[in-house]
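Work through the exercises below with the sequence and the coordinates side by side, and try each task before reading its solution.

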Amino acid sequence: MKKILLIAAIIATINVARAQTTTTLYHPEADAKAEIAASVKKAAAEHKNVLLQIGGNWCSWCLRFNGLVTSTDSLNTYMNSNYEVVHVNYSKENMNEKLLAELGFPQRFGFPVFIILDGKGNRLHTQNSAYLEQGKGYSKEKVLEFFQNWAPAALDPKSYIETKTK
């Protein structure tokens with residue numbers, strides 16, 4: 001009987017610890033359209049783009065991506081320096097169908113799916129996350145390349161003007 005109680009206590013402790021460390025990224029009750037509008041406004045003021053990460057708390061690949069970019073200093077710094085990030089919920093509680101229709105039905109690529117908006121709210125790119133995968137996770141190099149290719153500087157024509165040397 002003592003063994004059963006001990007095992008039950010250990011399982012309960014593990015479950016409590018997991019619940020405390022699990023981050024809720026996606027909020028079904030959120031007004032995604034309002035969050036995006038606020039992020040677009042902030043991005044315009046800070047010369048950034050907006051990165052929409054569409055998925056759900058049910059999606060292990062969504063959580064893996066977020067885990068990689070938030071725990072890898074170079075990715076986290078680059079992302080936060082160049083993007084305002086919005087996690088857009090897609091779940092049985094709220095599929096955000098009207099918003100996703102306005103964004104060109106990105107769910108066709110599966111989850112997570114990423115959309116890049118400029119500082120005016122124009123959709124620049126939709127990224128299928130499968131192209132960023134490596135093994136049972138994501139490639140740091142591919143994710144960084146994705147971030148770099150859609151950062152404001154990469155899309156600024158001034159970045160490509162040759163400077164004459166004396």
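**Exercise 1. The sheet**

The model contains an open sheet of four strands in the order 2-1-3-4, and its pairing is mixed. Which strands stand at the edges of the sheet, and which strand pairs with strand 4?

Solution. Strand 2 (83–89) and strand 4 (123–128) are the edge strands, because each has a single partner and one side of each is therefore left without a neighbour in the sheet. From one strand to the next, the twist averages 20°. Strand 3 (residues 113–117) pairs with strand 4 in the antiparallel sense over five bridges, where pairing requires that DSSP finds at least two bridges between two strands. Within this pair, Ile 115 stands opposite Thr 126.

As for conventions, this is a predicted model, in which local features need pLDDT of at least 70 and side-chain atom pairs count only at pLDDT 80 or more, while totals for chains, interfaces and linings use all residues. Residues are numbered from 1 along each chain as its sequence is written, and side-chain values use heavy atoms, with hydrogens and water left out.

**Exercise 2. The helix on the sheet**

Determine which residues of helix 2 (residues 32–46) are buried, and what covers them.

Solution. Begin with the length: helix 2 has 15 residues and reaches 21 Å from its first C-alpha to its last, close to the 21 Å expected at 1.5 Å a residue, the expected span being 1.5 Å times one less than the number of residues. Next, the buried residues (under 20% relative accessible area, with exposed meaning over 50% and partly exposed in between, for a 1.4 Å probe and protein chains only) are Ala 32, Ile 36, Ser 39, Val 40 and Ala 43. They cover an arc of only 105° around the axis, which puts them on the same side of helix 2. Lys 41 and Ala 45, on the other side of helix 2, are exposed. Finally, the cover over the buried residues includes strand 1, strand 2, helix 5 (97–102) and strand 3.

**Exercise 3. Confidence and a loop residue**

Where is the pLDDT below 50, and where is His 27 found?

Solution. The mean pLDDT (the predictor's confidence in each residue, from 0 to 100) of the protein chain is 91, and 84% of its residues reach 70 or more. Over residues 16–21 the pLDDT is below 50, and beyond near neighbours in sequence this stretch has zero contacts (heavy atoms within 4.5 Å) in the model. Where pLDDT is low, the predicted coordinates should not be read in detail. His 27 lies in the loop between helix 1 (2–21) and helix 2, and is partly exposed, with a relative accessible area of 34%.

Notes
Helix = DSSP H or I, 4+ residues; strand = E, 2+ residues; numbered from the N terminus. Axes fitted to C-alpha atoms, helices over the stretch in contact; angles between N-to-C directions. Arc of directions from axis to C-beta.
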